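Dear colleague,

I am handing over the structure below, together with an account of what was found in it. Please have it open beside you while you read on.

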Amino acid sequence: MSDVESINGALFEEPEDFAPPPPEPHFANYERKHIDLQVSKSAMKEIPLRLVGKSPLWGHLLWNAGIYTATHLDKFPELVKGKNVLELGAAGALPSLISALIGAKMVVSTDYPDPDLLSNIQYNVDHVVPKDFKNIVVEGYIWGNEYDDLIKHIDGDKKFDLIILSDLVFNHTEHHKLLKTTRDLLAKDGKALVVFSPHRPKLLDSDLQFFETAKEFGLKTDIIEMVNWKPMFDEDDETIEVRSRVYARYLTHV
């Protein structure tokens, strides 16, 4: 081997502790199809949603459930207009942003206290919601923990009129914590909007168990609908019908 070949080999060999830079953030455009100018505080039709480059918490994707939820809120703005709204596991926080644009009294948009996730949500708030609205805040929150950092942003009985759970029920070990938080923070006449897709068809029964467990927390389920959209991932054709489903349900106090 020549000296040149030896030098080049040393120059271009990656050290053992080398790690490639994390993927850059990327954008997904969401088009609002239902805007009632009589009730919406903003006629902004396209939302340029920034998503983290990669996340073990799956915050780097705009999920079908998030799109469905945002569309549902625009179709039924009375759910959020002048109301206190809490989003759990917000990821890119599209439903939170739509709630603020419609004219919620206050939106508390939360996700796991990961700096990248939270700073990305704050970026979307800063670049989508007009600064004079002053009706949306971002908080890190672990389901089931104390509520002080959430309820300090709202007045009255410290309850939320709407709680948004978009594509969270796949996390089966956290069902009890999610339901406890929902029960404790949901206003007496409030609603929790639960939307999800069964990304793992074999575990659909475990997904649906969420609504059976809700009964233990004094919450009843009202079915909105189940629709079929293009699945998030390309997998085997045998499960495509199940994976294409988007379930939408309300939880309310018994």
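In this predicted model, seven strands make up an open sheet whose order is E5-E4-E3-E6-E7-E9-E8 and whose pairing is mixed. The edges are formed by strand E5 (136–140) and strand E8 (219–228), each of which pairs on one side only, and from one strand to the next the twist averages 15°.

If you start from the E5 edge, you will find strand E4 (residues 106–111) paired with E5 in the parallel sense over five bridges, with Ser109 having Val138 in E5 as its bridge partner. Ser109 of E4 is also the bridge partner of Glu87, and E3 and E4 are paired in the parallel sense over four bridges. Between these two strands the chain passes from E3 through H3 to E4, in a β-α-β crossover that is right-handed. On its other side, E3 is joined to E6 by four bridges, the two strands running parallel, and here Leu88 stands opposite Leu165 in E6.

Strand E3 may deserve your attention for its surroundings as well, since five of its five residues are buried, so that the strand is largely enclosed by the rest of the structure. Both of its faces are covered, with Asn84, Leu86 and Leu88 buried on one side and Val85 and Glu87 buried on the other.

Two helices that lie against the sheet can be described in the same terms. Helix H2 (residues 64–75) lies across strand E6 (160–166), strand E7 (186–196), E8 and strand E9 (245–253), and runs at about 135° to E7. Helix H3 (residues 94–102), for its part, packs on the sheet where it touches strand E3 (84–88), E4, E5 and E6, and its direction makes about 170° with that of E4.

One further residue brings us back to E3: which residues is Thr181 in contact with, leaving aside its neighbours within four places in sequence? They are Leu88, Tyr141, Trp143, Gly144 and Tyr147, and Leu88 is one of the buried residues of E3 named above. Thr181 itself is placed in helix H6 (residues 175–185), and because its relative accessible area is 0%, under the 20% limit, it counts as buried.

With best regards

Technical notes: Residues numbered from 1 in each chain as written. Predicted model: local features only at pLDDT ≥ 70, side-chain atom pairs only at ≥ 80, totals over all residues. Heavy atoms only, no water. Pairing = 2+ DSSP bridges. Axes fitted to C-alpha atoms, helices over the stretch in contact; angles between N-to-C directions. Contact = heavy atoms within 4.5 Å. Buried < 20%, exposed > 50% of the residue type's maximum accessible area, 1.4 Å probe, protein only. Right-handed = clockwise from strand over helix to strand, strands pointing away.
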